[in-house]
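Trainee: Please take me closely through a single part of this model, and then tell me what else is worth examining around the rest of the chain.

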Amino acid sequence: MDFFAAQARARQKTRWLIFWFCLAVFTIAVAIYFAATLFIGMTGTGVLVTTQQLLNQVENGMAAPGFFHGPLWEPARFFWTLAAVGGVIGLASLYRIRAISRQGGALIATELGGRSVARGTGDALERRLINVIDEMSIAAGIPTPQIFILEAEPALNAFAAGMTTNDSVVAVTRGLLDQLDRDQLQGVIGHEISHIVNGDARLNLRIIGVLYGILFLAQGGRALLQARGKNAAPIISLGVVLMVIGSAGLFFGRLIQAAISREREYLADASAVQFTRNPQGLSGALRHLMQSGSRIQHPKAEAASHLFFGAGRFALSSLFATHPPIEKRIARIDRNFKPGSFPKPSAGTHSSGAISATKPPEAQLAGVDFLNGIGALAPAQLASAQTLLTAFPATLTKAIRRPEDAQIIVYALLLSREADVQARQLEELRKAHTPALSKETLRHAQWLFQQGARYRLQLLDLALPALRELSPESKRRFLSSVDVLIWADGRVSISEFAIRRILKSVLNPGKKTRSTFNQNRLQQEMTAILALLAHAGNADREAAAAAFHHAATLAPTDGPWVFPDRKSVSPEAVDAALEHLAHAAPRFREKLLAACVAVAEHDGKITTAEAELLCALAQSLDCPAPSVVFDGRL
């Protein structure tokens with residue numbers, strides 16, 4: 001699947017979401033206007049109008065004396081009703097969208113009763129889940145999502161959510177974790193990872209934000225119906241009115257969920273099968289869903305029903321169904337499946353780390369094109385990631401899942417081979433931490449020196465989830481130590497910049513504000529990024545300038561292009577540029593990355609440092625770029 005085309009389609013869906021939102025607001029406003037006009041008219045003495053007065057009012061098109069004066073249809077009154085309703089619903093939606101933008105998918109997982117899974121867990125089922133998500137995330141080129149378990153949910157279900165790949169989560173129910181074997185679990189996780197890669201996870205969170213405002217009146221009415229006591233009657237009556245009026249919101253809310261999510265489920269199923277090359281795993285999981293059920297019991301699941309792997313709620317009509325029928329989903333991925341025939345799914349196996357017996361063939365990654373690898377859930381990449389994870393020493397694999405030890409692994413990645421620089425780095429670690437930590441850093445670094453550069457980015461990918469568990473203060477102290485190690489020799493190498501950039505994008509992302517784009521700013525930012533790559537791959541200024549100007553012909557803007565000196569390209573400027581350009585349109589980012597690849601390939605080869613920098617740039621632009629695609633080219 002074309003990653004950038006999928007991202008563009010997700011943006012198009014967002015435009016339709018805005019259209020349905022406006023239509024829902026208009027419909028609710030019409031309902032409130034006529035309800036007020038017809039049923040809440042009052043006489044000048046404050047007494048409700050009689051039935052005869054109401055009939056006369058409707059027949060004559062005039063309001064009864066008192067509260068209303070003039071015709072039933074009054075444009076000015078309708079305008080103010082529409083403004084008030086739109087304002088209330090809009091503010092409610094904006095409040096929800098802002099909260100989601102700040103906290104990402106973790107907010108939804110927590111609200112649904114999810115428990116975050118610690119990377120160092122000793123539970124066998126949780127270890128198996130972590131292993132599967134790790135290998136699939138590395139293969140897909142995204143930071144490993146935060147993992148949640150919905151402990152109170154016995155049904156089989158899962159979901160992925162996140163505004164970016166850096167704040168995404170994957171959550172599974174206790175029932176799914178207990179009942180599926182590894183192949184089936186891998187099929188479900190592949191389905192959810194594809195939602196993250198293709199932009200569905202972001203779109204689904206936006207739907208939740210929009211629905212919050214649309215469903216606001218109905219939810220408020222439902223709350224008022226719980227009123228008790230002597231004076232509860234008027235409150236309950238108001239609750240009934242809000243429920244009736246809010247039914248329009250419920251109608252449009254469910255319609256929006258169904259219209260946008262159904263086809264995406266088919267695409268995610270197809271991506272999962274393509275990724276794993278094991279249709280029996282996903283079809284087995286779907287059979288389990290059919291027999292055991294997928295309904296989520298949490299009261300807040302209604303607004304999030306479109307997120308789930310299986311239908312999270314019951315739909316009275318296929319028009320409002322958020323998911324296609326399970327039979328049709330199975331039939332699309334399993335040619336041998338016959339509707340109405342449901343062989344008993346295999347019993348779950350609870351191995352914690354073994355790779356699936358039905359494994360794709362070994363990866364042949366030499367020559368894989370970088371741009372084609374972005375967002376491409378290829379089985380070769382999954383096989384390579386699985387092989388990679390089994391190649392690490394057990395002590396390293398165990399250590400990298402603990403927050404304290406994950407920091408040491410990153411320090412080891414930054415340790416210099418030059419004796420004098422290394423001595424200064426170790427001394428700084430002793431001052432900032434402990435002699436024991438400094439010694440352990442050197443031990444891991446010695447193993448990494450023997451391996452060369454091939455494991456650097458993959459180890460960083462594995463360390464990131466544990467580093468996310470650090471407290472805000474610990475993150476600041478850790479990033480400060482990273483900067484000290486990087487600047488120990490007075491300069492920033494390309495590999496150091498790549499590691500620093502990835503760490504910052506995940507642990508200390510910039511503020512999520514709405515971006516504005518103008519030609520001059522875009523030109524300056526793209527110049528900084530392309531110049532950084534050009535200087536990284538070419539010591540000679542003329543060669544660097546030639547690579548820069550060649551790449552400029554592929555960039556998304558026409559120029560003018562002025563090649564800057566090496567000293568004028570600062571890491572801070574590139575950081576700011578990437579944080580801003582991450583919000584650009586998918587096709588703009590595609591052309592920018594094509595220009596970046598052109599710079600790196602201008603001299604006929606991609607060095608290790610250039611490969612790492614390309615991956616860091618792509619990840620910063622929210623484009624999944626598997627580091628394993630470079631294994632055959634370094």
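Mentor: Strand β2 and strand β4 (residues 169-173) pair in the parallel sense over 5 bridges, where two strands pair if DSSP finds at least two bridges between them, and where strands (E, at least two residues) and helices (H or I, at least four residues) are DSSP runs numbered from the N terminus. Keep in mind that this is a predicted model, in which local features need pLDDT of at least 70 and side-chain atom pairs count only at pLDDT 80 or more, while totals for chains, interfaces and linings use all residues. Residues are numbered from 1 along each chain as its sequence is written, and side-chain values use heavy atoms, with hydrogens and water left out.

Within the parallel pairing, Ile-149 stands opposite Val-172 of β4. Strand β1 (residues 114-116) is joined to β2 by 3 bridges and runs antiparallel to it, with Ser-116 having Phe-148 of β2 as its bridge partner. The strand β2 itself, residues 146-150, is mostly covered, since 4 of its 5 residues are buried, that is, under 20% relative accessible area, with exposed being over 50% and partly exposed in between (1.4 Å probe, protein chains only). As background, in a regular strand the side chains alternate between the two faces of the sheet.

Turning from the strand to the packing elsewhere, the largest nonpolar core has 85 residues, and Leu-129, Ile-189, Ile-193, Val-410, Leu-467, Phe-478 and Leu-503 touch the most other members; such a core is a set of buried Ala, Val, Leu, Ile, Met, Phe, Trp, Tyr and Cys residues joined through side-chain atoms within 4.5 Å. Helix α5 (residues 124-140) supplies the largest share of this core, 9 residues. Apart from this core lies another, of 47 residues, with Phe-548, Ala-611, Leu-613 and Leu-621 among them. Back in the largest core, once residues up to four places away in sequence are set aside, Val-410 touches Leu-460, Ala-463, Leu-467, Phe-478, Val-482 and Leu-503, contact meaning heavy atoms within 4.5 Å.

Finally, helix α3 (residues 75-103) contains Val-88, which counts as partly exposed because its relative accessibility is 41%. The C-alpha atoms of Val-88 and Ile-214 lie 9.6 Å apart in space, although 126 residues separate the two in sequence.
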